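Trainee: I should like to take a close look at a single part of this model. Please treat it at length and in connected form.

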Amino acid sequence: LSMGLDTIEKACKDNPRKDPRHIIINCQVADDNLLNRLIELDVIACVQPIFLNYDLHMAEQRLGKERVKSSYNWNSMLDKGVKVSLGSDCPVELPDVLPGIYSAVTRKDLNGYPEDGWMPEQKISVYQALKGFTLGSAYESFEEKIKGSIEEGKLADPVVLSDNLYDIDPMTIKDIEVLMTFVNGELVYKK
């Protein structure tokens, strides 16, 4: 991450432009100094919460006890004011974002481990997760004026889910069914 930020900083000095929206994709290992640099350079942290499903089982072994403490620190990113977008990492992962929302909110793998969540202080709210997958992603691609929220004048790309994400046990988020999907106001999928 440090080398990527150094490169972005140099590029911005050598070729300045208004609102470049540089992105660090798979932004997973970032201590406070790196988070501060993300803010200083106005770089977006693109995070794939579904990685937690696998990574929580090997992260400490690969990163070490100290370094892992500053990894997958999504709540800290948001608290500090880092611009965050969330993604599914498709086509490496499935395009379904519900398991990613589940991972971000519960900090558990898809089998419900660990009981209290891995580094539970880094859990984010359902609202923050939805915002990251919608407005956050639209912002990173310069499309926040036409995508990312349901508002007059924006593309109508909503989904209809079997349950309200705000009213259910977060453990069941990964099991919610998509009942309908609309693209530009047109029904393209119906269960």
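Which residues of strand S2 (residues 44-47) lie on one side and which on the other, and are they buried or exposed?

Mentor: A word on the source comes before the strand. The model is predicted, so local features need pLDDT of at least 70 and side-chain atom pairs count only at pLDDT 80 or more, while totals for chains, interfaces and linings use all residues. Residues are numbered from 1 along each chain as its sequence is written, and side-chain values use heavy atoms, with hydrogens and water left out.

In strand S2, Ile44 and Cys46 lie on one side and Ala45 and Val47 on the other, and all of them are buried. Buried means under 20% relative accessible area, exposed means over 50%, and partly exposed lies in between, with a 1.4 Å probe and protein chains only. Both faces of S2 are therefore covered. In a regular strand the side chains alternate between the two faces of the sheet. Strands, like helices, are DSSP runs numbered from the N terminus: a strand (E) has at least two residues and a helix (H or I) at least four.

S2 has a partner in strand S1 (residues 23-25), with which it pairs in the parallel sense over 3 bridges. Two strands pair if DSSP finds at least two bridges between them. Within this pair, Ile25 stands opposite Cys46 of S2.

Val47 leads on to another part of the chain, for it is one of the residues that Gly87 touches. The others are Gln48, Pro49 and Phe133, not counting residues up to four places away in sequence; contact means heavy atoms within 4.5 Å. Gly87 is placed in the loop between strand S3 (84-86) and helix H7 (98-106). With a relative accessible area of 16%, Gly87 is buried. Its C-alpha atom and that of Ile150, 63 residues apart along the chain, are separated by 19 Å.

Another loop offers a residue of another class. Tyr166, in the loop between strand S4 (159-161) and strand S5 (178-183), is partly exposed, with a relative accessible area of 48%. Not counting residues up to four places away in sequence, Tyr166 touches Val126, Tyr127 and Leu130. The C-alpha atoms of Tyr166 and Val105 are separated by 11 Å, although the two residues are 61 places apart along the chain.

To return to the strand: Ile44, Ala45, Cys46 and Val47 are buried, and S2 pairs with S1.
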